[in-house]
Structures are given as C-alpha cells and as structure tokens.
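Take a first look at the model below. The report that follows starts with the ligand and then turns to three loop residues.

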Amino acid sequence: MRAIVIDKPGGPEVLTWREVPDPLPERGEVIIDVAASAVNRADALQRQGFYDPPPGASPYPGMECSGVVEAVGSDVEGFAPGDRVCALLSGGGYAEKVAVPWQQVMRVPKGVDLVEAAGLPEVACTVWSNVFMTARLRKGETLLVHGGASGIGTMAVQLAKAFGSRVVVTAGSPEKIGRCLELGADEGIDYRREDFSEKVKADVVLDIMGGKYLAGNIKVLKTGGRLVVIGLQGGTKGELDLGALLAKRASVYGTTLRSRPVDEKGAIVRGVVDNVWPLLDAGAIRPVVHARVPMSDAAEAHRILESGEHIGKILLVS
Ligand SMILES: NC(=O)c1ccc[n+]([C@@H]2O[C@H](COP(=O)([O-])OP(=O)(O)OC[C@H]3O[C@@H](n4cnc5c(N)ncnc54)[C@H](OP(=O)(O)O)[C@@H]3O)[C@@H](O)[C@H]2O)c1
C-alpha cells in the first residue's frame with residue numbers, strides 16, 4: 001500500500017506519499033481499505049516532531065478514517081468484510097489501509113457519504129467524551145466553546161444545541177462567528193477584538209488554549225462550573241486562582257484521547273454511536289467540511305490547516 005511517511009520533522013513538505021508494507025490484522029483488529037482520512041492539529045504537531053505516536057501505534061499520521069472493511073482478525077465482534085465504516089485511530093489514517101481494534105470502529109451514519117464520514121470520529125469522540133461524559137453538560141446550561149469554527153468547535157456547537165444547551169463561541173473573525181451562528185450558536189465573541197472573560201458566564205468551558213486562557217476561563221465559570229482543557233495552543237502554564245475555584249466549587253479537567261487504552265476508547269465510541277449517531281442519521285447535525293484534498297497531497301492539507309482559514313474539517317481522499 002501507499003502511505004504518508006514522515007522521514008524527518010519539518011514543514012508540510014516532509015509529508016511524502018510512498019510504498020510501505022501492508023498492515024496485517026492482529027487479534028481483535030479490523031483492516032480498513034481507506035476511502036478518506038482527515039487532518040487534525042495533532043497531525044501537524046507529529047509532523048513537526050512534537051507529538052510522537054503512542055507505543056504500538058502506526059508511525060504514519062492520521063487519527064481517523066473512513067472506508068470499507070477488507071479483513072478481520074480473530075475475536076472481532078460486529079464487523080465483516082464489505083462493511084462501510086469509520087474509525088478512531090491511534091495513527092496510520094494517512095494510508096491506503098489501516099489496522100484498528102474493532103472497539104474503535106463505527107458504522108457510517110445514514111445520509112453521510114463515505115468520504116465525509118472520515119471527519120467524524122475525532123470530533124464526535126472528543127466532544128462526547130469531554131463535554132458530555134466528563135463535564136456532564138446538562139440541558140439549559142451554558143457551554144463556552146473556544147475556537148467555535150474549528151473541527152472540534154463545529155461539532156461541539158451542534159451537539160450542545162441538539163441536547164438543549166445555550167452555546168457561546170469564541171472565533172477569530174466575523175465570518176467565522178457567522179458560520180458558528182448558522183450552526184446554532186447563540187452568541188459569538190471575536191477573540192481578536194474582545195475579552196471573552198468580560199462577556200460571558202458559563203457552566204462548562206471547552207478550552208483549546210490552555211495557559212493563556214486559564215485565568216479567564218476560571219473567571220467565567222458559574223458556581224459548580226466545569227472547565228475541560230483539551231488543547232494547549234496558548235501554552236502549558238498559567239496561574240490558577242484556587243480561591244476562585246473553591247468559592248465556585250468548580251472543577252478543572254485535562255484530557256487527551258489518543259493515548260487512552262482501547263477499552264476506554266471503546267466506551268467512548270459506544271457512547272458516540274448511541275448518542276451522536278442518531279442525530280446524524282436524522283440529519284439534525286451534519287459534518288462540517290472545509291475541503292477535500294487528495295491524500296497524496298497531504299502537504300497542501302497541512303498548509304490549509306496552518307493558514308487558519310478553514311472552518312470545520314479538511315479531508316484527505318485516498
Ligand atoms: N485532547 C484531545 O483529546 C483533543 C482531541 C482533538 C483535538 N484537540 C485539540 O482541539 C483543538 C482544535 O482541534 P482541531 O483539529 O479542530 O483544530 P483546528 O480546526 O485547526 O482549530 C484550531 C482553532 O484554534 C482557534 N484559536 C486560535 N487562537 C485562538 C484564541 N486565541 N482564542 C480562541 N480560539 C483560538 C482557531 O480559531 P479561528 O480559526 O477562529 O482563529 C481555530 O478554530 C486543538 O488544540 C487540538 O489539539 C484535543
């Protein structure tokens with residue numbers, strides 16, 4: 001098969017499409033003939049040498065894919081050759097084939113085309129696990145989503161609205177705020193012009209900025225509020241006002257999805273199939289796709305991601 005190989009850390013130009021050995025199905029694994037993958041910010045960090053794949057994972061980038069099951073190993077439950085699926089991966093999605101534990105595989109939702117489905121696993125699993133499983137967002141509560149126009153943000157807005165919450169986003173331009181409002185957000189804050197911490201109170205904050213926004217995020221939390229940090233785009237360190245945390249009886253969580261063991265990922269995937277997939281089947285929420293790029297030109301997809309012009313997901317078509 002062919003895959004995108006990273007021989008040395010660097011810019012998008014180090015992503016090279018070439019022949020590599022096919023994966024073989026280990027016990028409990030499914031081999032997917034990949035139709036598409038999608039770009040995540042973590043892929044750019046891996047390309048730059050700042051985010052190695054976890055032990056045992058494929059060395060090729062790509063944390064999600066869609067395609068058709070080609071083969072199954074022993075002890076696989078619920079999938080057979082020919083099934084149209086998408087999957088949450090620890091790596092290896094930028095390739096023509098990938099091996100993945102069956103617990104991380106999902107059917108393609110109704111009404112979603114096979115290529116579009118490649119952009120769903122990361123955003124659905126990240127938002128479901130953090131906003132709903134960890135922070136327990138409830139109907140009527142307010143969710144603040146930083147980076148509402150990101151891949152993650154566009155799913156968080158739609159899901160939180162579908163479950164009856166009020167949603168406020170931050171984004172970097174009036175156009176991006178407009179898109180978030182179209183997706184259902186109640187209010188948008190242009191982070192380049194305004195200080196979000198002066199403008200909103202929230203029960204749950206989904207944060208991708210880390211240190212830079214820590215003080216502001218604590219300030220906006222209501223009593224009993226929950227801050228979930230999933231990204232560190234604004235640095236790993238900040239000052240935490242424990243007095244404010246205690247007074248508000250608030251909680252701070254930090255999580256990553258990629259490094260979790262298969263059984264934890266499997267529990268998240270089951271939650272997604274039970275709770276998110278019915279909304280996709282019914283057309284109540286939709287994948288938000290910015291561009292489809294040939295997988296062999298993954299470098300161009302990374303350039304788009306790093307330009308920051310995109311809204312939603314950039315897909316890599318095999
Ligand atoms: N922990 C986990 O398990 C996990 C899993 C998946 C993703 N993530 C993280 O989630 C984040 C989004 O991922 P993605 O793949 O969806 O990336 P993406 O589409 O490239 O989004 C990056 C976002 O960052 C926003 N941003 C930049 N500076 C900002 C600021 N000062 N205030 C508010 N927003 C700002 C951008 O907003 P504008 O474009 O509007 O400027 C953009 O929407 C990344 O940090 C990623 O690492 C974490």
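## The ligand site

Which pocket does the ligand take up? The ligand fills the space of the largest pocket. Keep in mind that this is a predicted model.

The shell around the ligand holds 26 residues. Arg41, Lys176, Tyr191, Tyr213 and Gln233 come nearest. By type, the shell has nine nonpolar, 13 polar and four charged residues. Helix H2, helix H3 (151-162) and strand S9 each supply at least two of the shell residues.

## Polar contacts and burial

Ligand oxygen atoms have several polar partners. A backbone N or O atom of Gly151 lies 3.0 Å from one ligand oxygen. A polar backbone atom of Ile152 is also 3.0 Å from a ligand oxygen. Lys176 uses its side chain: an N or O atom there is 2.6 Å from an oxygen of the ligand. Taken alone, the ligand exposes 930 Å², and the protein buries 89% of that.

## A buried serine

Ser173 sits in the loop between strand S9 (166-171) and helix H4 (174-182). Its side chain reaches the backbone nitrogen of Lys176 at 3.1 Å. Is Ser173 buried or exposed? Ser173 counts as buried, because its relative accessibility is 18%, under the 20% cut-off.

## Two arginines with positive phi

Arg136 lies in the loop between helix H2 (121-134) and strand S8 (142-146). Its phi is near 50°, a positive value in a residue other than glycine. At 40% relative accessibility, Arg136 is partly exposed.

Arg249 belongs to the loop between helix H6 (242-248) and strand S13 (251-254). Arg249 is not a glycine, yet its phi is positive, at about 50°. With a relative accessible area of 61%, Arg249 is exposed.

Notes:
Residues numbered from 1 in each chain as written. Predicted model: local features only at pLDDT ≥ 70, side-chain atom pairs only at ≥ 80, totals over all residues. Heavy atoms only, no water. Helix = DSSP H or I, 4+ residues; strand = E, 2+ residues; numbered from the N terminus. Buried < 20%, exposed > 50% of the residue type's maximum accessible area, 1.4 Å probe, protein only. Polar contact = N/O pair within 3.5 Å; in protein donor to acceptor, adjacent residues only side chain to side chain. Near = heavy atom within 4 Å. Areas by Shrake-Rupley, 256 points an atom, 1.4 Å probe, with all protein chains shown as cover. 1 Å grid on protein atoms, 1.4 Å probe; cavity = no way out; pocket = protein on both sides within 12 Å on 5 of 7 lines; lining within 4 Å. Sits in = over half its atoms within 2 Å of the grid points. Nonpolar A, V, L, I, M, F, W, Y, C, P; charged D, E, K, R; others polar.
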